Amino acid sequence: MNLLTIIGEATRALQTNRLRTALTMLGMIIGVAAVVLMLSIGQGAQTSINSAIASMGSHLLIVMPGATSSGGLRWGSGSVKTLTVQDAHAIAELPMVDATAPVISGTAQLNYGANNWSTVLTGVTPDYFSVNNWEMADGEIFTEGDLRSGTRVAVLGQITANSLFGNEDPVGKIVRIANRPFTVVGVLVAKGQSLSGRDQDDNVFIPLTTAQRQIIGNQFPGSINHMTVRAKTADSMEAAEAEITRLLRQRHRISAHMENDFTVRNLTALASVASNTARVMAWMLGAVASVSLLVGGIGIMNIMLVSVTERTREIGIRMAIGANQRMILTQFLLESLMICILGGITGIALGIGGAWLASRIAELEIVITPGMIALAFSFSSIIGIFFGLYPARKAAALKPVEALRHE
C-alpha cells in the first residue's frame with residue numbers, strides 16, 4: 001500500500017464523520033487565528049513605538065529645568081526657570097556634544113482668512129530640526145539671520161497646516177499668530193505621536209528670539225523651557241551627560257552639598273526600554289494565544305483515541321489482509337495532521353481577517369509578516385504530529401486477532 005492510498009484512506013475516514021472532524025478542527029482554527037491576531041497586534045505596537053523612536057532622532061539627551069520647594073512642598077522638574085539660552089550655547093561647545101536645541105513653548109491662536117486654529121507654539125533655533133530628525137515636506141526652515149533679527153516667520157506642522165489651509169499651499173502665505181502677521185516659510189513632514197502620546201504635528205515653530213520678545217514673553221529674560229542635546233555618538237552618551245552635569249553645576253554655582261537645579265535625561269535609554277517592553281508584550285500575547293493551540297491539540301488527541309476505539313475491528317481486518325504497523329501508524333498520523341493543516345489554513349485566514357477588522361474598528365496599527373504566518377502554520381503542524389502520535393501508535397500496536405474479536 002503506497003502513500004497515496006494511505007492518504008485516500010485517511011481522507012475517507014475523516015469524511016465519514018464530517019461533523020466530528022469539523023468540531024475537532026474548530027479548536028485548531030481558533031488557536032491559530034488567536035496566535036496570528038495577537039502577534040499582529042503586538043508587532044504593530046512594537047512597530048509604532050519604533051517609528052516614534054526613529055522620529056525622535058538618535059543619541060539624544062534632554063535637559064530640563066530643576067525642581068523647587070515652597071512651604072514645605074517640593075515641586076517636580078520644570079517648576080522653576082533655571083536654564084537659559086546661554087547655557088545651551090555653552091553646552092554646544094563641550095567635546096562630546098554635537099548640537100543643542102533650546103526650546104521655549106506656549107499656546108497660541110492662529111488665523112488665516114476665515115480659518116482659525118489653537119495649537120502649541122514652539123520657539124526654537126534652526127538646529128532644532130536637525131537635532132530632532134525633522135524633515136521638510138515643503139519650503140524651508142528659517143535661518144540664523146531670522147533668529148538674530150527676530151523675524152516673523154513660521155514653520156507649520158502637518159495638522160496645523162491642514163487645519164488652516166486645507167489643500168492650499170501654505171508656503172509664502174501670511175498667518176496671524178497672537179494677532180501678529182507671520183510669513184509661512186515651510187511645512188514639516190508628518191511624525192505622528194511621540195512616546196508620551198502628544199501629537200507632534202499639531203505645532204507651529206517660530207524663531208526662539210521672536211517667541212521670547214513678541215509672543216510668549218518671560219519674566220526671566222533668556223530662560224527656556226528645556227533643551228535637546230545630541231551627543232556625537234551613541235557611545236558618548238554617558239560622557240556627554242557627565243560633561244553637561246559638570247558644566248551646569250559650575251555655571252549655576254551649585255556647591256558640592258547642593259542638589260542640581262536641572263535634570264538630564266537620556267531619551268535613547270528611555271526609548272530602548274519602551275521598545276523592549278513592546279517586544280516582550282508582543283511575545284507574551286503570542287504565548288497566551290498559543291495556549292488555545294495546546295487545548296486544540298488535546299482535543300485532537302482525545303478524538304483520535306475515540307476513533308481508534310471505534311475502528312478497532314476495521315484495523316484488525318486491514319492487518320489481516322496485509323497492512324503492517326507502519327501503514328496503520330501513518331494513516332492515523334495523517335488524519336491528525338490533515339485536521340491540523342486544514343484548521344491552520346482556515347485559522348490563518350480568520351486571523352488575518354480579524355487583524356484587518358481590528359485595525360479598522362479600533363484604529364490599531366497591525367503588522368502581519370510572512371514569518372508570522374509560517375510560525376502559526378508550523379506550530380499547527382507540530383501540534384498535529386505531537387498529539388496525533390500517541391493515538392496512532394496505539395492503533396498500530398493492536399494485535400490482529402484481538403482487534404477482530406472487538407465488538
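**Close-up views of a predicted model**

**View 1. The span annotated as a coiled-coil region.** In this predicted model, the C-alpha atoms at the two ends of residues 230-257 are 29 Å apart, and the span is 54% helix and 7% strand. The label "coiled-coil region" for residues 230-257 comes from an unreviewed UniProt entry.

**View 2. Spans annotated as transmembrane regions.** The unreviewed UniProt entry lists residues 21-41, 280-306, 327-356 and 368-390 under "transmembrane region". Among them, residues 21-41 are 100% helix and 0% strand in the model, with 30 Å between the end C-alpha atoms. Residues 327-356, another of the listed spans, are likewise 100% helix and 0% strand, and here the end C-alpha atoms lie 43 Å apart.

**View 3. Strand β9 and its pairing partners.** Strand β9, which comprises residues 180-188, runs antiparallel to strand β6 (residues 136-139), and 3 bridges join the two; within this pairing, Met136 stands opposite Leu188 of β9. Strand β7 (residues 153-156) pairs with β9 in the parallel sense over 4 bridges, and Val155 has Gly186 in β9 as its bridge partner. With strand β8 (residues 174-177), β9 pairs in the antiparallel sense, again over 4 bridges, and Val175 has Phe182 in β9 as its bridge partner.

**View 4. The hairpin turn between β8 and β9.** Strands β8 and β9 form a hairpin in which 2 residues lie between them, and Ala178, located in the turn, has a positive phi of about 50°.

**View 5. Helix α10 and the residue position that follows.** Within helix α10, which spans residues 312-320, the buried residues are Thr312, Ile315, Gly316, Arg318 and Met319. These residues lie on the same side of α10, because the arc that they cover around the axis is only 165°. In general, an α-helix has 3.6 residues a turn, so residues three or four places apart point the same way. Just after α10, Gly322 adopts a positive phi of about 125°.

**View 6. Two separate nonpolar cores.** The largest nonpolar core of the model contains 42 residues, and those with the most contacts inside it are Ile91, Ile177, Ile206 and Ile244. When residues up to four places away in sequence are not counted, Ile244 touches Leu61, Val63, Ile91, Leu94, Val97, Val229 and Val264. A second core, separate from the largest one, has 29 residues, including Met28, Val35, Val308 and Ala395. Of these, Met28 and Val35 fall within residues 21-41, one of the spans listed as a "transmembrane region" in the unreviewed UniProt entry.

Methods. Residues are numbered from 1 along each chain as its sequence is written. This is a predicted model: local features need pLDDT of at least 70, side-chain atom pairs count only at pLDDT 80 or more; totals for chains, interfaces and linings use all residues. Side-chain values use heavy atoms; hydrogens and water are left out. Buried means under 20% relative accessible area, exposed over 50%, partly exposed in between (1.4 Å probe, protein chains only). The arc is that of the directions from the helix axis to the C-beta atoms. Two strands pair if DSSP finds at least two bridges between them. UniProt positions are given in the numbering used here, feature names are shortened, and annotations may be inferred rather than shown by experiment. A nonpolar core is a set of buried Ala, Val, Leu, Ile, Met, Phe, Trp, Tyr and Cys residues joined through side-chain atoms within 4.5 Å. Contact means heavy atoms within 4.5 Å.
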